[in-house]
Amino acid sequence: TAGAGLLVGAGAGVAGAVAYDRPDGDTAANGVAAGGGALGTGRVPFRGEHQAGILEPQQAGVRLAAFDLADGAGRDGLRTLLQRWTRAVDRLTAGEPTQEFDNQVALDAGPCSLTVTLGFGAALFDRAGLADRRPAALEPLPAFPGDALDPARGGGDLFVQIGADDALVAVHALRTLQKLATGTAALRWQSAGFARTPGATARPMTGRNLMGQIDGTNNPRPGEDGFAAKVFCTAGGDQPAWLAGGSYLVFRRIRMLLDHWEELPVERQERVIGRRKSDGSPLSAPAGSGEGTAVDLSAQGPDGGPAIPSDAHIRVAAPAGNGGAAMLRRGFSYHDGALPDGSPDAGLLFLAFQADPRKGFTPVQRKLSRGDGLSRFLRHEASGLYAVPPGVPAGGYLGQQLLE
Ligand code: HEM
């Protein structure tokens, strides 16, 4: 069937890409004892070739946070901090309390598929005396039309993406990292997001965002030709050797103008994206054909016009029209209550991993911000670009490749 084999696990896109021992969420719904329960026992290895939290299916919840390095901490302070964080994350991802700090918050829980993914912001390199190691591709993202960015909710020297199938576990991990950073790095911003909880649907499916769209269908998939080259860096050109096996992460806090969006009839909403809300099938194929059906951008609709409108999001964002630009999207929804005007403060914590943002996010967003039908319903409110170091080697520490 359409989409078969793509859709194992919770969230969008990369679901099913990597097998790890997260058990079937349905069992967890039966209320098995915490920690020993099915969902709680899921464990993602922290160490490996690439950092965890890139290829794995999205967990039910995420905490994003960025820290700024304290004046005077320097390279040695940074190394000590990363070693401390590594010791902690080793234990937390195993569902064990850390030795250096514990507040008993996660005592009864298992690992809950916890992942902690680290990124370095551009300013870190100067602060830590590592300016000669800053990748050229970490240059600031350009300003895009319509940007309404709050610098206090983006950027930062050290970024962490903390995903877990239990909110307490994720919050506990963030609190632990913050405590261990005392005196070396201060929290700059944090955001909380969510994706579908494993086991919430009768069968594993690609997740939906807060506009109600199936989101994550046309993501690059491990095993596909050229996947690694799209997502992971290799040394050479102006890419530094220390980043080989790493990636770049673009973060955008994108508010959805939901009051406005929800006034549109479903058929109009579908034309904004180019896919149906019911099953994610492209408008170039019959309804019910499923999200896995190939998109045909040249197909005509009944009125003789393009079946997928000229400003449809999937047409404007498609790699074919952007010099092959590709990225692995792994965003989470957020919902932070209401703004003073009563509209929802809600949207997407857009996260995209790529081998080079100059060839991935930037050209695509440049085009989207000018001619995408969806942009009318969005407001980009915060932004970050981070170099994501490669995986943590056995016996080594997080980010050590930069400091060696
Ligand atoms: C595809 C939603 C922002 C890049 C899609 C799809 C949806 C969607 C529903 C179709 C299903 C899929 O393939 O995943 C959204 C929403 C956004 C947003 C709600 C903001 C809140 C962005 C941004 C970028 C982007 C900022 C990059 C700059 C893409 C790409 C595709 C895509 C590359 C796949 C296009 C293809 O079919 O080849 N998005 N998107 N999206 N989106 Fe977005």
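**Before you look.** Helices here are DSSP runs of H or I with at least four residues, strands are DSSP runs of E with at least two, and both are numbered from the N terminus. What you see is a predicted model, where local features need pLDDT of at least 70 and side-chain atom pairs count only at pLDDT 80 or more, while totals for chains, interfaces and linings use all residues. Residue numbers start from 1 along each chain as its sequence is written.

**View 1. Two UniProt domains, at residues 51-194 and 207-392.** The unreviewed UniProt entry puts "Dyp-type peroxidase N-terminal" at residues 51-194 and "Dyp-type peroxidase C-terminal" at residues 207-392. UniProt positions follow the numbering used here, feature names are shortened, and annotations may be inferred rather than shown by experiment. Residues 51-194 are 27% helix and 22% strand, with end C-alpha atoms 20 Å apart. For residues 207-392 the figures are 18% helix and 22% strand, and the end C-alpha atoms lie 29 Å apart.

**View 2. The 26 residues around the ligand.** Which residues are the closest to the ligand? They are Gln213, Thr217, Asn218, Ala317 and Leu348. To be in this shell, a residue needs its C-beta atom, placed from the backbone, within 6 Å of the ligand. β5 (247-256), α9 (313-317), β8 (344-354) and α10 (361-371) are the elements that each give two or more residues to the shell. The largest share is from α10, with four residues. Sort the shell by residue type and you get 15 nonpolar, eight polar and three charged. Here nonpolar means Ala, Val, Leu, Ile, Met, Phe, Trp, Tyr, Cys and Pro, charged means Asp, Glu, Lys and Arg, and the others, Gly among them, are polar.

**View 3. Helix α5, residues 167-180.** This helix has 14 residues and reaches 20 Å from its first C-alpha to its last, close to the 20 Å expected at 1.5 Å a residue. That expected span is 1.5 Å times one less than the number of residues. Look for the buried residues of α5: Val169, Ala170, His172, Ala173, Leu174, Thr176, Leu177 and Leu180. Buried means 20 or more other C-beta atoms within 10 Å of a residue's own, exposed means 12 or fewer, and partly exposed is in between, with C-beta atoms placed from the backbone. The cover over these α5 residues includes β1 (61-69), α3 (74-92), β2 (115-120), β3 (158-164) and β4 (185-194). Cover is about contact, which takes two C-beta atoms, placed from the backbone, within 7 Å.

**View 4. Helix α8 and the glycine after it.** Helix α8 takes up residues 266-273, and Gln269, Glu270, Arg271, Val272 and Ile273 are its buried residues. Part of what covers them is α9. Right after α8 comes glycine 274, with a positive phi near 100°.

**View 5. Strand β8 and its partners β5, β6 and β7.** Strands pair if DSSP finds at least two bridges between them. β5 runs antiparallel to β8 with eight bridges, and in this pair valine 250 stands opposite alanine 352. β6 (residues 328-329) also pairs antiparallel with β8, over two bridges. There, arginine 329 has alanine 352 as its bridge partner. β7 (residues 332-338) joins β8 through five bridges, antiparallel again. Find serine 333 opposite leucine 348, and alanine 338 opposite proline 344. β7 and β8 make a hairpin with five residues between them, and glycine 342 in the turn has a positive phi of about 90°. How many of the 11 residues of β8 are buried? Eight of them are, so β8 counts as mostly covered.

**View 6. Glutamine 104 and cysteine 112, in the loop between α3 and β2.** Neither residue is a glycine, yet phi is positive: near 65° for glutamine 104 and near 55° for cysteine 112. Is glutamine 104 buried or exposed? Glutamine 104 is exposed, because it has just 8 other C-beta atoms within 10 Å. Cysteine 112 counts as buried because it has 33 C-beta neighbours inside 10 Å.

**View 7. Glutamine 239, in the loop between α6 (227-231) and β5.** This glutamine 239 has 19 C-beta neighbours inside 10 Å, so it counts as partly exposed. Glutamine 239 touches Pro135, Ala137, Cys233 and Thr234, leaving out residues up to four places away in sequence. Leucine 138 is 101 residues away from glutamine 239 in sequence, but 10.0 Å away in space, C-alpha to C-alpha.
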